[in-house]
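Here's a quick tour for anyone thinking about ligand placement and empty space in a protein model. Have a look at the structure first, then read on.

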Amino acid sequence: MNATSNSVAFYDIAIIGGGPVGAALARALQGSSLRVCVLESRPANTASTDARALALSYGSRLLLERLGVWGQLQDVSAISTIHISQKQSFGRAVLRAEEMNVPALGYVLPYPALQDALTASLDATETLFGASVTSLNSEAGHAVVGYRQDGAEQQLHARLAVVADGGKLLAPQFPPTFEDYGQSALITHVTCAAPKPGTAFERFTTQGPVALLPYKNGYEIVWTASHQRAEEMLSWDDARFLSELHQHFGDRVGEFLTAGARSCYPLGLKKAPALSPMPHTLLIGNAAQTMHPVAGQGFNMGLRDAWELAQLILDAAPEALSSEEMIASYARRRRIDREAGIHFTDGLVRLFSNDLPVLGVGRAASLTVLDCLPFAKRFVAKRMMFGANG
Ligand SMILES: Cc1cc2nc3c(=O)[nH]c(=O)nc-3n(C[C@H](O)[C@H](O)[C@H](O)COP(=O)(O)OP(=O)(O)OC[C@H]3O[C@@H](n4cnc5c(N)ncnc54)[C@H](O)[C@@H]3O)c2cc1C
């Protein structure tokens, strides 16, 4: 760390938010000569309590391998097949890893396991835990980050502030475009009578998609429903929950036997108005775009944000870190992948989550066409694994 004349700490890069995306960026910069710090509001040595499971794409595995983190992840379950169907319709499509020439289409693991492995990999990066960022401003030549730690207001300066806080800090100043899908995702772990190891299911219904992600002895469920219905589902006893799930999902994995703790996440599409809303500042991960979890794109996209930004930073001279040229270059490199990811998830939600009869026929037809055309399958699978720049 350096100090400016008035003793305010000065860094090349300040990463606001040490969630999975911010931590991945810090990891990618580790070993460079840059002075990097991560500000994370979670206290030190406390595991994340986030209950969601993440489906990582094969492309994310490759990036995590390059970051030296993949090998540290315990208890990861592979997805070898993805079965996509529409409730009350004949259409379906099946994507298989062997058809795509990859060992797996993706992998499932709990958010905290990924978070812990990334955090543990940051041994050489200055990480300020329990540091809640309260303000971000720009002055000539640097960003000014205000934060509260141990009850005291503090400040640091950085050539470039990267906002990876999930999207709250700058929202009041630079409101994102927001579309409420009117849906929440209920998540839990279930076991069932006839699991299909390695097979993930994405089943579209007119109330929203339900996903079963294979994990250990059962499935991680992401069940989308209206906010009100999801709240009701939280209050059901296990027997009712399991039988309603069976009715909703169908018989492909037999009866559901046990369910773990349930939690709910409201869903919407949020898109920051700009990737650099003010000088010396860039947004990555959910701070830049928060998408519907259908097709499991959010973290995978955020990891590509972090990776591409790290490459630009490592190629730049320190004094050019937040130059107009570099900021424009980052926005250019992320534009196509970001727009494609947003349109892909948004399009899926809109096409498959309504009960217009004319769309019902179109949906069935599109799944059947997808299933019959190898190049269409490869296109979709490649998008899901590597994004639009892959
Ligand atoms: C139900 C559900 C299922 C999902 N499933 C998938 C999936 O299968 N695959 C996938 O790729 N994506 C999935 N996602 C999306 C994925 O969870 C997110 O895209 C990902 O967590 C974004 O990571 P992030 O680091 O950008 O933000 P976050 O995970 O929100 O992390 C932000 C971090 O910043 C910290 N922070 C916040 N504010 C401050 C502050 N003011 N100061 C300091 N620190 C701060 C937080 O403590 C946190 O550690 C899912 C999302 C949901 C809701």
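What follows covers the ligand site and then the internal cavities.

Keep in mind that this is a predicted model.

**Around the ligand**

Let's start with the shell. There are 29 residues around the ligand, and Glu40, Arg52, Ala55, Tyr111 and Asn286 come nearest. Sorted by class, that shell contains 14 nonpolar, 11 polar and four charged residues. Which secondary structure elements chip in with at least two shell residues each? On the helix side they are α1 (20–29) and α6 (298–315), and on the strand side β3 (36–40), β4 (53–57) and β10 (132–139).

Now for the polar contacts. Three side chains put an N or O atom close enough to a ligand oxygen to be listed here:

| Side chain | Ligand atom | Distance |
|---|---|---|
| Glu40 | oxygen | 2.6 Å |
| Arg42 | oxygen | 3.3 Å |
| Arg52 | oxygen | 2.6 Å |

Taken by itself, the ligand would expose 1000 Å², and the protein buries 87% of that area. Two of the side chains in the table, Glu40 and Arg52, also belong to the group of residues that come nearest to the ligand.

**The cavities**

How many cavities of 30 Å³ or more does the structure hold? The count is three.

The largest cavity has about 140 Å³ of space. It is lined by 19 residues, and those closest to its centre are Gly167, Pro176, Ala272, Leu283 and Ala287. Strands β18 (263–271) and β20 (289–290) each give at least two residues to this lining. Its class make-up is 11 nonpolar, five polar and three charged residues.

The second largest cavity comes in at about 50 Å³. Its lining is made of Gln297, Met301, Arg304, Asp337, Ala340, Gly341, Phe344, Arg383, Gly387 and Ala388. By class, these split into four nonpolar, three polar and three charged residues. Helices α6 and α7 (324–352) each bring at least two lining residues, and α7 has the largest share, with four.

**Tying it together**

One helix turns up in both halves of this report: α6 supplies at least two residues to the shell around the ligand, and α6 also supplies at least two to the lining of the second largest cavity.

Note on methods: Residues are numbered from 1 along each chain as its sequence is written. This is a predicted model: local features need pLDDT of at least 70, side-chain atom pairs count only at pLDDT 80 or more; totals for chains, interfaces and linings use all residues. Side-chain values use heavy atoms; hydrogens and water are left out. A residue is near a molecule or strand if one of its heavy atoms lies within 4 Å of it. A polar contact is a pair of N or O atoms within 3.5 Å; within protein, one must be able to donate a hydrogen and the other to accept it, and residues adjacent in sequence count only if both atoms are side-chain atoms. Accessible areas come from the Shrake-Rupley method with a 1.4 Å probe; for residues, only the protein chains shown count as cover. Ala, Val, Leu, Ile, Met, Phe, Trp, Tyr, Cys and Pro count as nonpolar, Asp, Glu, Lys and Arg as charged, and the others, Gly among them, as polar. On a 1 Å grid over the protein atoms alone, a cavity is a set of points where a 1.4 Å probe fits but cannot get out, and a pocket is an open set with protein on both sides within 12 Å along at least five of seven lines; lining residues have an atom within 4 Å of a point. Grid points are joined across faces, edges and corners, and a volume is the space filled by probe spheres set on the points.
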